[in-house]
Each structure stands twice: as structure tokens, then as C-alpha cells.
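This report describes a protein chain and the ligand it holds. Please look through the sequence and the structure before reading on.

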Amino acid sequence: MKILDQRVAVVTGAASGIGLALARRLAAEGMRIVLADVEADALEQATALVCADGADAIGVRTDVRDLGAVQELAARTVEQFGGVHLVCNNAGVETGGSFLEIPGDAWKWVMDVNFYGVLHGCRVFLPLLAEHPEAHIVNTASVAAFATGTATMTPYCVSKSAILSLSECLAIELQTSGSPVGVSLLAPGPVKTRMPDAERNLPADITPAREPHRVALMEELRTKAAHIGLEPDEVAAMVVTAVRDNSFFVLPHPDMALAGVRRRLHWMETGELPAPRRAGT
Ligand SMILES: NC(=O)c1ccc[n+]([C@@H]2O[C@H](COP(=O)([O-])OP(=O)(O)OC[C@H]3O[C@@H](n4cnc5c(N)ncnc54)[C@H](O)[C@@H]3O)[C@@H](O)[C@H]2O)c1
């Protein structure tokens, strides 16, 4: 998608972190923006920020778990801006624990937001995107899609692997059928966002696992992101380049992603059992 100016972008999970950085960066490219998020107050502030940057933007409170809400988001977008050219299915959450300590509802929450949220976004927006000569979908996964096995993060890894597979299948089908819609997969490692506090949106009736090693791991991830994490606007800039170049993989931390793929290839070729990552990989 070469031309962004005056075109319309929808970004989910836009009230914070990578989504907010994407909204601001796309606005700086001249796009009109629809910010969508489940957190009403944060969404209002984020929308005000994007408008203060000089952009034409609206916020639409949306829970991406809900197909009807995503359909409503699409309807509001068309009503406000007449169409949509770019959709960033970016909203994501994380909760986990040791396998048998993870409540079934916690699994469902992660899969509903991370996987079904992306699926709803692709299914609802694809027909609208395909009305234009060029359009694009960006799905946010994670290096967790390639580098599985981070202790206590199994639901997150599963959901992000599903986004990888969905996005690859969709990209291949669209390309084969000559569709004008391109697809990119954003798969970052640590980024300085509120992701370590994702359980702030956990439904009240779900009690998350609180085992000591889970708490310690989350603290470690928090520290790691604070020290070696990229800034969200660095990631947003990479996404804009990928949209313009029609690149599939957007890998802000290529070494982490490739190491994960190589480890799996090694297990497949040698028959060795999957093993935890060594420190620093
Ligand atoms: N931060 C990282 O280190 C990192 C690494 C890899 C991948 N990611 C992915 O990046 C994406 C953005 O996360 P972030 O890091 O900016 O975290 P963040 O917590 O700062 O932002 C996530 C946003 O998603 C929103 N959200 C949560 N549930 C929602 C729902 N049901 N419907 C709509 N919006 C919802 C939150 O309110 C929040 O505004 C996620 O998909 C995450 O998995 C983040």
C-alpha cells in the first residue's frame, strides 16, 4: 500500500503501547484514524492525543472478543470516513501459570482477545478493504509465536502461534486470488508498553494463577522490557515501512524470532525433545 495520505486506518488496542504508537505514526503519515480499545477512559485520552497531533481521528470503544462489536466498529468507520484501507488487529493480553493452575476461563480470555479478536478483524474488514485498489491488514503476534516454551505463558504462546498460522494462510490465499489486500505479521520481542499489566483487563470472575515462579517471571519480563525493550514508536515505524513495501514479516527483534525457528527446526531434524531456551536466547 504505497499511498497512506488521506486514507483510513483502524487500530485495535489503540489506547496504549504499540497500538497508540501506531495510531500516532499513521496519523503523521496523513491517515485518518479510528482508534478502538476496550478501556474507555484510556481510549478517550489516546484519541484526544491523536487529534491534538492534528489528525482526523475518532475513538470507538470496542471489545474485540465480540464479533458484533467489531461489526459495529466497521460500521462506525464507514459512516465517519466512507471506507477503510488499513486494519491493524493489535489488541492483545496475557495471563498464565503452570499448566494445571491456569483456569479454563483464563485460556478462553486469552484466545478470545488474541486469536478471535484478530480473526473477527480479518473477517469483518476484509470485504471493505477489498473495495479499494490497495489495502492492508497488520496482525500483531509476538516472538512467542516462534520461540515457544516461556514458562507459565502457554496460552499466550498458543494464541500468538495461531495468529501466525492464520496470517500466513490468509496472505497466501489473498495473493493467490489476486486480491488487492496485503497482509503483514508483526512479531516483536520486548517493547516498553503496559503488556506486563495485561491482567488489568482480566474479567472480574477469573482468578489468575499467582504461583511464586509465575510472579517472578512476570517481574523479570517487566525488568527486561524496561531495560532492553524497544520504544513503541520504533515498532510503529517498522510497521509503516512494511505496509508500504508489502512485507509479510515485521520482526523488530529478528534474532529472537530466528533463534526460535532454528530451535524448532533442530528438534525436527534431530528428534531431540523440545527444551527450554538457554539464557540470553
Ligand atoms: N509489549 C511487548 O513486549 C509485546 C511483545 C510482543 C507482542 N506484543 C503484542 O503487542 C500488542 C499490543 O500490546 P502492547 O504491548 O502495546 O500492550 P498494552 O497493554 O500497552 O496495549 C494493549 C491494548 O489492548 C487493549 N485491549 C485488551 N483487551 C482488549 C479487548 N478485549 N478489546 C480491545 N482492546 C483490548 C488494552 O486495553 C490496551 O490498550 C499485543 O497484541 C501484544 O501481545 C507486545
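The sections below cover the model and its annotation, the ligand site, the nonpolar core, and a few individual residues.

## Model and annotation

The structure is a predicted model. An unreviewed UniProt entry places the feature "domain: Ketoreductase" at residues 7–194. Over residues 7–194, helix makes up 47% of the chain and strand 17%. The C-alpha atoms at the two ends of that range are 29 Å apart.

## Ligand site

The shell around the ligand holds 30 residues, and those that come nearest are Ser16, Ile18, Asp37, Tyr156 and Thr193. Sorted by class, the shell has 13 nonpolar, 11 polar and 6 charged residues. Helix H1 (17–28) supplies at least two residues of this shell, and helix H5 (154–176) likewise supplies at least two.

Several polar atoms of the protein sit beside oxygen atoms of the ligand. In the side chain of Thr193, an N or O atom is 2.6 Å from a ligand oxygen. For Ile18 the partner is a polar backbone atom, at 2.8 Å from an oxygen atom of the ligand. Arg200 places a polar side-chain atom 3.0 Å from an oxygen atom of the ligand. The ligand taken alone exposes 820 Å², of which the protein buries 96%.

## Nonpolar core

The largest nonpolar core has 50 residues. Within this core, Phe125, Leu129 and Leu185 have the most contacts. Two or more core residues come from each of the strands S1 (8–12), S2 (32–37), S3 (57–61), S5 (135–140) and S6 (181–186), and from each of the helices H3 (67–81), H4 (104–129) and H5. H4 gives the largest share, 13 residues. H5 thus appears both in this core and in the shell around the ligand.

## Positive phi outside glycine

Two residues that are not glycine have a positive phi: Thr152, at about 70 degrees, and Asn246, at about 50 degrees. Thr152 is placed in the loop between S5 and H5. Asn246 belongs to the loop between helix H7 (232–245) and strand S7 (249–250).

Are these two loop residues buried or exposed? Thr152 has a relative accessibility of 6%, so it counts as buried. Asn246 has a relative accessible area of 47% and is therefore partly exposed.

## A buried polar contact

Glu94 is located in the loop between strand S4 (86–89) and H4. Its relative accessibility is 3%; because buried means under 20% relative accessible area, Glu94 counts as buried. Which side chain does the side chain of Glu94 contact? The partner is the side chain of Arg214, in a polar contact of 2.7 Å.

## A pair distant in sequence

Val243 is part of helix H7. With a relative accessible area of 2%, Val243 is buried. Val243 and Leu86 are separated by 157 residues in sequence, while their C-alpha atoms are 8.8 Å apart in space.

Technical notes: Residues are numbered from 1 along each chain as its sequence is written. This is a predicted model: local features need pLDDT of at least 70, side-chain atom pairs count only at pLDDT 80 or more; totals for chains, interfaces and linings use all residues. Side-chain values use heavy atoms; hydrogens and water are left out. A residue is near a molecule or strand if one of its heavy atoms lies within 4 Å of it. A polar contact is a pair of N or O atoms within 3.5 Å; within protein, one must be able to donate a hydrogen and the other to accept it, and residues adjacent in sequence count only if both atoms are side-chain atoms. Accessible areas come from the Shrake-Rupley method with a 1.4 Å probe; for residues, only the protein chains shown count as cover. Helices (H or I, at least four residues) and strands (E, at least two) are DSSP runs, numbered from the N terminus. Ala, Val, Leu, Ile, Met, Phe, Trp, Tyr, Cys and Pro count as nonpolar, Asp, Glu, Lys and Arg as charged, and the others, Gly among them, as polar. UniProt positions are given in the numbering used here, feature names are shortened, and annotations may be inferred rather than shown by experiment. A nonpolar core is a set of buried Ala, Val, Leu, Ile, Met, Phe, Trp, Tyr and Cys residues joined through side-chain atoms within 4.5 Å. Buried means under 20% relative accessible area, exposed over 50%, partly exposed in between (1.4 Å probe, protein chains only).
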